[in-house]
Amino acid sequence: MFLAEALLNAATGGGGGSSNRGSSSSSSNRGSSGGSGVGGALVRGLGGLLAGGSGGNKGGNLAGFVGGLVNVISEAAAQYTPEPPPEARSHYANVEASESEEVRQFRRLFAQLAGDDMEVCPTELRNILNKVVARHQDLKSEGFSLDTCRSMVAVMDNDTTGKLGFEQFKYLWNNIKKWQCVYKQCRSDTSGAIERPRLPAAFKAAGFRLHEQLYALIIRRYADEDDGSMDFNSFIGCLVRLDGMFRAFKALDRRGDGKVQMNMEDWLQLTMYS
């Protein structure tokens, strides 16, 4: 798919322009064969790693709206620097000599968590994350929804398998580990959520300096409709989506001028699988 190809090119240093391709699809409706057999030791291991360290006038109006949205994203993108993208897919056992003991431990845990195919689908991701979150009662979280995990997989899925390999999962996990520290610092002691007045500081601490219009849209999409607060599931899901879309924009902005160009097919693939 268009987004996946752009992210994969960014990860591998490849190039190539936009093309008129047919849509491709991938399926991730798979049971959690690897997650169901995970023992307490594995959950404690991941928990320790977590504790460490998203014709005519009508055509003209549509073009103006899309152009304005892209400009908003462009202005905001200059205010966020993503981590280096996940490396191209390779076998999980290809251990680099320079890897730390923590990463090697993470490889061993991933081998046991991912199941026989050595990949994690949205259902398995939800099971893994929720088992770890359950051990952190201080987060006061009901856990991640399947929809949130599907979105996480989609924005990280740079090879359109519908699943996450080791490098993709590690990139996602490191971000969650970093952002859960921000969440703990900014949440309310009473509700356990980040209240609306503190959300700007929380996003800033997570590395995002957002345009006011984009920030307002995010509040409408991810915050509680009554008081504007964000729980752990919404906060992490939003940041994963933001990180993925910023990486996609930077990968597509090949001239580095804050602008991208795409056709309708590319636009639909970009927005529908994310």
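**Surface patches, salt bridges and backbone features**

Leu268 is partly exposed, because its relative accessible area is 43%, a value between the 20% and 50% limits that separate buried from exposed residues. In this predicted model, Leu268 belongs to helix H11, which spans residues 264-272. Together with Met264 and Met272, Leu268 makes a nonpolar surface patch of about 350 Å². Membership of such a patch requires over 30% relative accessible area, and the 43% of Leu268 meets that requirement.

The surface also carries a patch of a charged kind. Seven acidic side chains, namely Glu142, Glu195, Asp224, Glu225, Asp226, Asp227 and Asp231, gather there in a patch of negative charge. Within this group, Glu142 sits in the loop that runs between helix H5 (122-133) and helix H6 (146-156). Its relative accessibility is 86%, so Glu142 counts as exposed. Patch residues are by definition without a salt bridge, which leaves the paired charges to be considered separately.

Side chains of opposite charge can pair when their charged atoms come close. With a limit of 4 Å between the side-chain nitrogen and the carboxyl oxygen, the count comes to seven salt bridges. One of them joins Glu101 and Arg108, with 3.0 Å from N to O. The two partners fall in separate accessibility classes: Glu101 is exposed because its relative accessible area is 53%, while Arg108, at 46%, is partly exposed.

A further salt bridge is formed by the side chains of Arg107 and Glu167, at 3.6 Å from N to O. Arg107 lies in helix H4 and Glu167 in helix H7, so this pair ties together parts that are 60 residues apart in sequence. Which accessibility class do Arg107 and Glu167 belong to? Arg107 is buried, with a relative accessible area of 4%. Glu167 is likewise buried, at 12%. Both values lie under the 20% limit for burial.

A salt bridge of 2.9 Å, N to O, links Arg247 with Asp243. This pair sits within one helix, since both residues lie in helix H10 (residues 232-252), where they are four residues apart, about one turn of the helix. Arg247 and Asp243 are both buried. Elsewhere, salt bridges that share partners join Arg107, Glu167 and Lys170 into one network. Two members of that network, Arg107 and Glu167, are the buried residues described above.

Helix H10 also contains Gly244. Its relative accessible area is 1%, so Gly244 counts as buried. The C-alpha atom of Gly244 is 8.7 Å from that of Met152, although their positions lie 92 residues apart along the chain as a sequence separation. A comparable description applies to Val153, which is found in helix H6. At 1% relative accessibility, Val153 counts as buried. Val153 and Pro122 are 31 residues apart in sequence, and their C-alpha atoms are 6.3 Å apart in space.

The backbone offers another subject. Most residues other than glycine have a negative phi. Against that background, Met118 has a positive phi of about 60° although it is not a glycine. Met118 is found in the loop between helix H4 (101-113) and H5. With a relative accessible area of 18%, Met118 is under the 20% limit and is therefore buried. Thr160, also not a glycine, has a positive phi of about 55°. The loop that holds Thr160 lies between H6 and helix H7 (166-186). At 24% relative accessibility, Thr160 counts as partly exposed.

The cysteines complete the account. How many disulfides does the structure hold? The number is zero, where a disulfide would require two cysteine sulfur atoms within 2.5 Å. Cys181 is partly exposed because its relative accessibility is 27%, whereas Cys186, with a relative accessible area of 6%, is buried.

Conventions. Residues are numbered from 1 along each chain as its sequence is written. This is a predicted model: local features need pLDDT of at least 70, side-chain atom pairs count only at pLDDT 80 or more; totals for chains, interfaces and linings use all residues. Side-chain values use heavy atoms; hydrogens and water are left out. Patches are made of residues with over 30% relative accessible area and no salt bridge: like charges are joined within 9 Å, nonpolar side chains (Val, Leu, Ile, Met, Phe, Trp, Tyr) within 5 Å. Accessible areas come from the Shrake-Rupley method with a 1.4 Å probe; for residues, only the protein chains shown count as cover. Lys and Arg count as positive and Asp and Glu as negative; His and the chain ends are not counted. The place of a charge is taken as NZ of Lys, CZ of Arg, CG of Asp or CD of Glu. Helices (H or I, at least four residues) and strands (E, at least two) are DSSP runs, numbered from the N terminus. Buried means under 20% relative accessible area, exposed over 50%, partly exposed in between (1.4 Å probe, protein chains only).
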